[in-house]
Amino acid sequence: MIITTTNNVEGARIDEYLQLVSVNVVIGTNFFSDWMASITDIFGGTSSTYQRKLDSVYDEALKQIEKKASKLGADAVIGLKMDFGEVSGKEKSMFMVSAIGTAVKLRK
């Protein structure tokens, strides 16, 4: 399945716009991740622990978008937009990604 941020697929013609597909994925961090990130925050550098978490939530959002679009019979998702955020409170921290795009059928 083609998933793109553009409004068209180069070399293909959109035959039918099906509907918007959207997902929200939330993944929790854990004590170890938070502790390692706090060390990185003190000494500087990048947090590979948080980076892996963000990569994981991003990949999961793409999988879910593709799954929803496939159920509609789509060949592609165009105009994909993704937004990252953090949900935190009561000493808990979670990463969230929201994704939305348009499921379309391409001319065969």
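Is Phe84 buried, exposed or partly exposed, and what is its relative accessible area? In this predicted model, Phe84 comes out as partly exposed, with a relative accessible area of 43%.

Phe84 also turns up in the one aromatic pair that the structure holds. Its partner is Tyr58: the two ring centres sit 6.2 Å apart and the planes meet at 20°, so the pair is stacked, given that planes under 30 degrees apart count as such. Tyr58 belongs to helix α2 (residues 48-71) and Phe84 to strand β3 (residues 76-89), so the pair ties together parts that are 26 residues apart in sequence. Tyr58, like its partner, is partly exposed, in this case at 33% relative accessibility.

As for the overall layout, the chain has two helices and four strands, and reading along the sequence gives the pattern β-β-α-α-β-β. Contacts across the sequence are plentiful in relative terms: among those with a separation of 6 or more, 76% link residues 24 or more positions apart.

Turning to the surface, 30% of the 108 residues count as buried. The chain exposes about 7,200 Å², and 52% of that comes from carbon and sulfur atoms. A nonpolar patch of about 210 Å² is made on this surface by Val26, Val87 and Met94. Of these residues, Met94 is found in strand β4 (residues 92-106). With a relative accessibility of 33%, Met94 counts as partly exposed, and that value fits the patch criterion of over 30%.

Technical notes. Residues are numbered from 1 along each chain as its sequence is written. This is a predicted model: local features need pLDDT of at least 70, side-chain atom pairs count only at pLDDT 80 or more; totals for chains, interfaces and linings use all residues. Side-chain values use heavy atoms; hydrogens and water are left out. Patches are made of residues with over 30% relative accessible area and no salt bridge: like charges are joined within 9 Å, nonpolar side chains (Val, Leu, Ile, Met, Phe, Trp, Tyr) within 5 Å. Accessible areas come from the Shrake-Rupley method with a 1.4 Å probe; for residues, only the protein chains shown count as cover. A salt bridge is a side-chain nitrogen of Lys or Arg within 4 Å of a carboxyl oxygen of Asp or Glu. Buried means under 20% relative accessible area, exposed over 50%, partly exposed in between (1.4 Å probe, protein chains only). Rings of Phe, Tyr and Trp (its six-membered ring) pair if their centres lie within 6.5 Å; planes under 30 degrees apart count as stacked, over 60 as edge-to-face and the rest as tilted. Contact means heavy atoms within 4.5 Å.
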